[in-house]
Amino acid sequence: MRALIFDGTNTRLEVNRPEPAPAPGEAVIRTTRAAVGGIDLEISQGLGGFSGTLGREFVGVVEAIEGEDSIGLTGKRVVGSINVFCGACDMCQAGLSRHCRNRTLLGMDGRDGCLADRFTLPTQNLLAVPDSVDDDHAVFAQSLGAAMQAVRQLTIEGKPYITVLGDGPLGLLMVQVMAKLNASVRLVGRYSEKLMICEKWGIRHRHVDDVGRRADQDIVVDCTGSPTGLELAMRLVRPRGKVLLKSLLAPTSRMAAASDLTPLVLNEIELIGSSTGPVEEAVSALARGEVDVLSLISRRMSLDDGAELLHAAARPGMLKVLVNI
C-alpha cells in the first residue's frame, strides 16, 4: 500500500508499505480524506523524534476489526482521537487516560499515522460520522476538538478580553469557538487574507504589527506555532492573567526561542498547556453547522503527491491542505 513516510531525516511516498497488522481491539481503517497542517510540518522537522507514517487528521471507513465488533463499526465512516492509552497505568486509573504513561499518538509518537491507504486505531478511539457531515467537514474534527479543549480549561468570569494569537487553521477555529463565550474576542495574525476570513464571521481581528503591547488582556491563547508566540503572549496579558499555550515546536524552532520567562514570575501570569480535545463534541458542532471549516481549505491534493504535500502546507498564507486518498 501507499504511505507518506518520515524516516527521521527525509519524507517520501512509499508505494509498497506492508499492510497494517491490527492488535486485538483495533480496527483497520481505509483512509478517504486526510489533512496536512502545521504539526505535521513540525514532526517532519524532528518534533518528538518520530519516524513512520505521518498524518493525524482523517476520515476513513472501518474495513475490519481484530476481535468482536461490539459497537458495530465495521463498514462505518469514522473519525477518531489520536491518543491511544493502555487503560492500566496510574494515569488511566485516575481518569487521565489522555496522559497515559504508555500512550502512543497517531502519526506523532509510536504509531503510524493516517497519510496512507490504511492504518489502525483501537475501536475505543473511533466515532461514527453522521451522514449529515461530509468528509470535508469531518476531517476537521481533530483540530476543532483541540480548540474546544482550550475552552474546557478556562474559567470565564465577567466579560474578559481574550486575544487569540495565530491566523493558522487552529487559530481560526479557536477564535470561532471563543467568540461564542461571554467575552470580547479578537484574532491577531500576520496574513491579511487570513484575517479577512474573520470579516464574514463578525469577529474582531488585527495585524500583529498594529497591536499595542500594553498588558491588558485577561486571556491570551497562543496558536502561532512560532517560537515568538509565547513572548508576545506574555507582553499582551495583564498581571495575574492567563496564557494558554497550544503551540508545539520542533527542536530546531525551540532552539531559536530562548524566551525570557521573567514576566511569568513578576506578573504572576498563569501558564496553561493545552493539547487534544473532545472529538465527539467537535463532530456534534460540525453537524449543527456551528463552525465554518470550509473557509480554511486552501488546497486539495492527492496522496500520490508525496512530500509535495508538506511543501504545499509550508507555503506562506496556506491554511489546510486536504488530501484525497
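# A walk through a predicted structure

Let us begin on the inside: this predicted model has one cavity of 30 Å³ or more. The largest cavity has a volume of about 40 Å³. Its walls are made by Arg56, Glu57, Phe58, Val79, Gly80, Ala138, Val139, Ala141, Gln142 and Val279. The elements that give two or more residues to this lining are β5 (57-65), β6 (77-80) and α4. If you sort the lining of the largest cavity by class, you find six nonpolar, two polar and two charged residues.

Strand β5 deserves a second look. Seven of the nine residues of β5 are buried, so the strand is mostly covered. What does β5 pair with? One partner is strand β3 (residues 26-36), which joins β5 in the antiparallel sense over eight bridges. To see this pairing in the model, find Ala34 and look across to Phe58 in β5, which stands opposite. Phe58 is also one of the residues that line the largest cavity. Another partner is β6: two bridges join it to β5, and the two strands run antiparallel. Here you can look for Val61, whose bridge partner in β6 is Arg77. In general, strands of a sheet pair through backbone hydrogen bonds, either parallel or antiparallel.

Now turn to a small piece of sheet elsewhere in the chain. Three strands form an open sheet in the order β7-β8-β9, with mixed pairing. β7 (83-84) and β9 (110-111) stand at the edges, and each has a single partner strand, so one side of each is left without a neighbour in the sheet. β7 pairs with strand β8 (residues 104-106) in the antiparallel sense, over two bridges. A good place to check this is Asn83, which stands opposite Leu105 in β8.

Next, let us visit a pocket. The second largest pocket has a volume of about 320 Å³. It is lined by 16 residues, and the closest to its centre are Ser81, Asn125, Gly277, Pro278 and Val279. You have met Val279 before, as it is also listed in the lining of the largest cavity. Which elements supply at least two residues each to the lining of this pocket? They are β11 (126-128), α4 (141-152) and α11 (279-287). Helix α4 gives two or more residues to the lining of the largest cavity as well. By class, the lining of the second largest pocket has five nonpolar, eight polar and three charged residues.

For a look at a single residue, pick Leu172 in helix α5 (residues 169-178). Is Leu172 buried or exposed? Its relative accessibility is 0%, so Leu172 counts as buried. Leaving aside residues up to four places away in sequence, Leu172 touches Gly166, Asp167, Leu187, Lys194, Ile197, Cys198, Trp201, Leu296 and Leu319. Leu172 and Ala147 are 25 residues apart in sequence, and their C-alpha atoms are 9.4 Å apart in space.

Finally, consider the charged side chains. The model has 22 salt bridges. One of them joins Asp218 and Arg238, at 2.6 Å from N to O. This pair links distant parts of the chain, with Asp218 in strand β15 (residues 217-222) and Arg238 in strand β16 (residues 237-245), 20 residues apart. Asp218 counts as buried because its relative accessibility is 18%, under the cut-off of 20%. Arg238, at 30%, counts as partly exposed.

Strand β16 takes part in another such link. The side chains of Glu268 and Arg240 meet in a salt bridge of 2.5 Å, N to O. Here too distant parts of the chain are linked: Glu268 lies in the loop between α10 (262-266) and β17 (270-273), while Arg240 is in strand β16, 28 residues apart. Glu268 is partly exposed at 44% relative accessibility, whereas Arg240 is exposed, with a relative accessible area of 61%.

Salt bridges can also be followed from residue to residue. Asp7, Arg12, Glu14, Arg17 and Asp112 are linked in a network of them. Within this network, Asp7 forms a salt bridge with Arg12, and the closest N and O atoms are 3.3 Å apart. Asp7 is partly exposed, with a relative accessible area of 40%, and Arg12 is partly exposed as well, at 37%.

Conventions
Residues are numbered from 1 along each chain as its sequence is written. This is a predicted model: local features need pLDDT of at least 70, side-chain atom pairs count only at pLDDT 80 or more; totals for chains, interfaces and linings use all residues. Side-chain values use heavy atoms; hydrogens and water are left out. Two strands pair if DSSP finds at least two bridges between them. Helices (H or I, at least four residues) and strands (E, at least two) are DSSP runs, numbered from the N terminus. Buried means under 20% relative accessible area, exposed over 50%, partly exposed in between (1.4 Å probe, protein chains only). Contact means heavy atoms within 4.5 Å. On a 1 Å grid over the protein atoms alone, a cavity is a set of points where a 1.4 Å probe fits but cannot get out, and a pocket is an open set with protein on both sides within 12 Å along at least five of seven lines; lining residues have an atom within 4 Å of a point. Grid points are joined across faces, edges and corners, and a volume is the space filled by probe spheres set on the points. Ala, Val, Leu, Ile, Met, Phe, Trp, Tyr, Cys and Pro count as nonpolar, Asp, Glu, Lys and Arg as charged, and the others, Gly among them, as polar. A salt bridge is a side-chain nitrogen of Lys or Arg within 4 Å of a carboxyl oxygen of Asp or Glu.
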